[in-house]
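Trainee: I am new to this structure. Can we go through the terms used for it and see what supports each one?

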Amino acid sequence: METEGRADEGSSSQRDPPQNTGSYDFSLTPQDSLPTEDSQPAEKLVPVEEPIVVDRKAIEKLTEGLLSHYLPDLYSSKQALLELNQNQVILLDTLDQEVTKFRECNSLLDLNSLFTEAKFYHGKLVNIRKDMIMLHEKTTKLKKRALKLQQQRQKEAMEKEQQREKELERERQLIAKPAKRT
């Protein structure tokens with residue numbers, strides 16, 4: 001069918017003069033055709049002055065057909081590529097967010113180790129405080145005991161002094177006194 005359409009177009013185009021409207025000339029020359037068995041070798045070919053002219057309407061219809069055949073697929077491919085680009089942008093943003101989260105997790109691990117260390121040292125401080133309170137209580141008890149002991153020693157020393165004074169007084173009283181002459 002295509003060859004018949006071309007043959008019909010060729011005959012009608014040979015009748016109509018070619019119209020040059022600034023578009024491309026898709027005419028075929030005999031040089032463009034393949035040599036046949038009865039034709040002469042390429043060096044001895046004699047150029048034919050009459051080019052094959054294709055009707056402009058046929059060119060437009062072929063162009064429209066070609067475009068109508070491929071444009072929907074091209075548009076759908078374009079849409080698919082645009083969607084793919086959008087998805088890639090979204091994916092890249094998501095990956096950036098995930099990388100940020102991982103960095104924060106690493107910094108959180110550092111924070112966790114700092115908190116663990118702080119908890120450890122806080123425990124040490126609590127123990128030192130307990131020890132200091134216990135030592136304070138012991139020193140307070142020792143001071144009270146030392147004060148009691150000091151008071152008891154002073155009391156004992158006072159009692160001994162009083163005892164010695166009593167003994168001295170008693171000894172003085174026991175010592176004979178000469179009687180007075182009167």
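Mentor: Start with the bend at a residue, which is the angle between axes fitted to the seven residues ending there and the seven starting there. In this predicted model, that angle is about 35 degrees at Tyr70 of α2. A proline, Pro72, follows within four residues.

Trainee: How do you know that the span of helix α2 agrees with its number of residues?

Mentor: The expected span is 1.5 Å times one less than the number of residues. Helix α2 has 119 residues, 56-174, so it should span 177 Å. Its end C-alpha atoms are 169 Å apart, which agrees.

Trainee: What else does the protein contain in helices and strands?

Mentor: The protein has two helices and zero strands. Of its 182 residues, 2% count as buried.

Trainee: How many aromatic pairs are there in the whole structure?

Mentor: A search finds one. Phe120 and Tyr121 form this pair, with 5.2 Å from centre to centre; the cut-off for pairing is 6.5 Å.

Trainee: Why is the pair of Phe120 and Tyr121 called edge-to-face?

Mentor: Planes over 60 degrees apart count as edge-to-face. The planes of Phe120 and Tyr121 are at 70 degrees, so the pair is edge-to-face.

Trainee: Why does Tyr121 count as partly exposed?

Mentor: Buried means under 20% and exposed over 50%. Tyr121 has 44% relative accessibility, so it falls in between and is partly exposed.

Trainee: Where does pLDDT stay under 50?

Mentor: Over residues 1-35. The mean for the protein is 79.

Technical notes. Residues are numbered from 1 along each chain as its sequence is written. This is a predicted model: local features need pLDDT of at least 70, side-chain atom pairs count only at pLDDT 80 or more; totals for chains, interfaces and linings use all residues. Side-chain values use heavy atoms; hydrogens and water are left out. Buried means under 20% relative accessible area, exposed over 50%, partly exposed in between (1.4 Å probe, protein chains only). pLDDT is the predictor's confidence in each residue, from 0 to 100. Contact means heavy atoms within 4.5 Å. Rings of Phe, Tyr and Trp (its six-membered ring) pair if their centres lie within 6.5 Å; planes under 30 degrees apart count as stacked, over 60 as edge-to-face and the rest as tilted.
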